[in-house]
Structures are given as structure tokens and as C-alpha cells.
Amino acid sequence: MKCLAVVIIAIVLEVCNAHLCMLSPPQRGSMVGINKAGATDCILTTARCGGRPAEKPIMGLKMGSNFTVTFQKNLDHYDKATPGAFHVAIGQERQGTQMTNLVSIPDAGEPSLTLYSVNVTIPTGLVSRQLYVLQTAYVTNNKDAPAVFYQCADIIIEG
Ligand SMILES: *[C@@H]1O[C@H](CO)[C@@H](O)[C@H](O)[C@H]1NC(C)=O
Ligand SMILES: *[C@@H]1O[C@H](CO)[C@@H](O)[C@H](O)[C@H]1NC(C)=O
């Protein structure tokens, strides 16, 4: 009976989590233990940047240039009936400002720890020498999971 209870709790935890980490550009804050599914650093659900404080820009990106964004589905949360998606966007962190979506990738049920690499073009029309965030979001579209997981990298836009 005791064993059964433990098993049930494990299943509930599994169902209630999905995880996302961004490797390139490296996400804000720590990124520890991501070779295992269920890493704490990949479970940030506060818009827009997971609730982590802004950091010094990790890199500069030129408007109109291409960049390969790499992120990890740390824990799968695919719901076959209502598949979710990953979105890469650029913008400023404060709420009320517009984020520009750069690319969307459907969640096709890939297993936990899958890496996704996607080329994006940094839009023109941003403000040079301003701080922006490159944001990855995992929209689960799964009623048993948090709606969205977020990661951000702080970047500076160059003209
Ligand atoms: C960026 O990628 C697009 C699409 O692949 C390509 O057409 C464009 O020439 C690339 N731009 C640069 C600056 O490399
Ligand atoms: C991204 O761009 C690089 C360099 O242009 C190219 O080698 C690579 O195949 C592209 N990757 C994807 C997923 O389109």
C-alpha cells in the first residue's frame, strides 16, 4: 500500500510538469543538471522571462543577421489531442510592450531531452544599442500542465 502511494505521487508529478531550457544563447541564471529530465532550472512559468532578474547582455546581435537558437525540451508534455508549440520571440522584457515572434515549432511529441535548433533572422526596426531579450516559450496546450514555460537570454541589439 505504501509503495502504491509513492507510485501515484510520482505519476502526478510527472503529469504536472513540463520543462524548457535554452542553451543558445544561454538562458539567464543557472542551467544545472539538464542531462536529466525534470531539471529545476527548466521549470520557469512566470511571463516573460521566468521571473529571473535581468542580467548583463550575454551577446550582441545585429539587426538582419541570422542566429541559431538552441533549446531543450527537458521534460516532454505532449498531449496528442491538443499539441502545443515552441515559440522564439524577441522584444523587451516589460509587460505591455510588443514581443515579435520569430519562429514557431510544433511540439510533435519528441521525447524528453530533445534539442531543437532553429535559425532565426533578427528583425530590422529594433532600436540599436538597446537591451532586448531573446525569449523561448513552450506553450503546452495541456490542461494538466502550466500553460507556458519561459526562458530568456539578455542581448544587446547592434545596428
Ligand atoms: C539569413 O537567412 C535567410 C534565410 O535562410 C537568407 O535568405 C539570408 O540571406 C540570411 N542572411 C544573412 C545576413 O546571412
Ligand atoms: C541554419 O543555418 C545554418 C547556416 O546557414 C545552416 O547550415 C543550417 O542548416 C540551418 N539550420 C536549419 C535547421 O535550417
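How much of the accessible surface of this protein belongs to carbon and sulfur atoms? The accessible surface comes to about 8300 Å², and 59% of it belongs to those atoms. Hello everyone, and let me walk you through the rest.

Please keep in mind that what you see is a predicted model. Its pLDDT averages 91, and 89% of the residues score at least 70. The start of the chain is another story: over residues 1-16 the pLDDT stays under 50. For that stretch the model has 8 contacts beyond four places in sequence.

Now to the overall layout. The secondary structure comes to 1 helix and 8 strands. If you follow the chain from the N terminus, you meet the elements as α-β-β-β-β-β-β-β-β. Of the 159 residues, 43% count as buried. And here is a number about how the chain comes together: take contacts between residues at least 6 apart in sequence, and 74% of them join residues at least 24 apart.

Let's turn to the sheets. One is an open sheet of 5 strands, in the order β2-β8-β7-β4-β5, and its pairing is mixed. At its edges stand β2, residues 59-62, and β5; each has a single partner strand, so one side of each is left without a neighbour in the sheet. On average, neighbouring strands here are turned by 30 degrees against each other, direction ignored. Within this sheet, have a look at β4 and β7, which pair in the antiparallel sense over 7 bridges. There you can find A89 standing opposite Q135 in β7.

There is also an open sheet of 3 strands, ordered β1-β3-β6, with antiparallel pairing. Here β1 and β6 take the edges with a single partner strand each, so each has one side without a neighbour in the sheet. For this sheet too, the average turn between neighbouring strands is 30 degrees, direction ignored. β1 and β3 are joined in the antiparallel sense over 5 bridges.

Let me pause on one residue there. T70 lies in strand β3, and S24 stands opposite T70. Is T70 buried or exposed? With 15% relative accessibility, T70 counts as buried, because the cut-off for that is under 20%. Leaving out residues up to four places away in sequence, T70 touches M22, L23 and S24, along with L115, Y116 and S117.

Next, the inside. As a general remark, in soluble globular proteins nonpolar side chains tend to be buried together. In this model the largest nonpolar core has 25 residues, and V69, F71, V88, I90, L134 and I157 touch the most other members. Which strands supply at least two residues each? They are β1 (19-24), β3 (66-75), β4 (85-91), β5 (100-106), β6 (114-121), β7 (131-139) and β8 (148-158). The largest share, 4 residues, comes from β8. Apart from that core lies another, of 5 residues, with C49, A89, V133 and C152 among them. You have met A89 already, as the residue opposite Q135.

To finish, let's visit V69, T70's neighbour in the chain. Setting aside residues within four places in sequence, V69 is in contact with M22, S24, P25 and V88. The list goes on with Y116, S117, V118 and V120, and then L134 and T136. Do look for V69 when you turn the model around, and thank you for listening!

Technical notes
Residues numbered from 1 in each chain as written. Chains lettered and ligands numbered in written order. Predicted model: local features only at pLDDT ≥ 70, side-chain atom pairs only at ≥ 80, totals over all residues. Heavy atoms only, no water. Core = buried A, V, L, I, M, F, W, Y, C linked by side-chain atoms within 4.5 Å. Buried < 20%, exposed > 50% of the residue type's maximum accessible area, 1.4 Å probe, protein only. Contact = heavy atoms within 4.5 Å. Areas by Shrake-Rupley, 256 points an atom, 1.4 Å probe, with all protein chains shown as cover. Pairing = 2+ DSSP bridges. Axes fitted to C-alpha atoms, helices over the stretch in contact; angles between N-to-C directions. pLDDT = per-residue confidence, 0-100.
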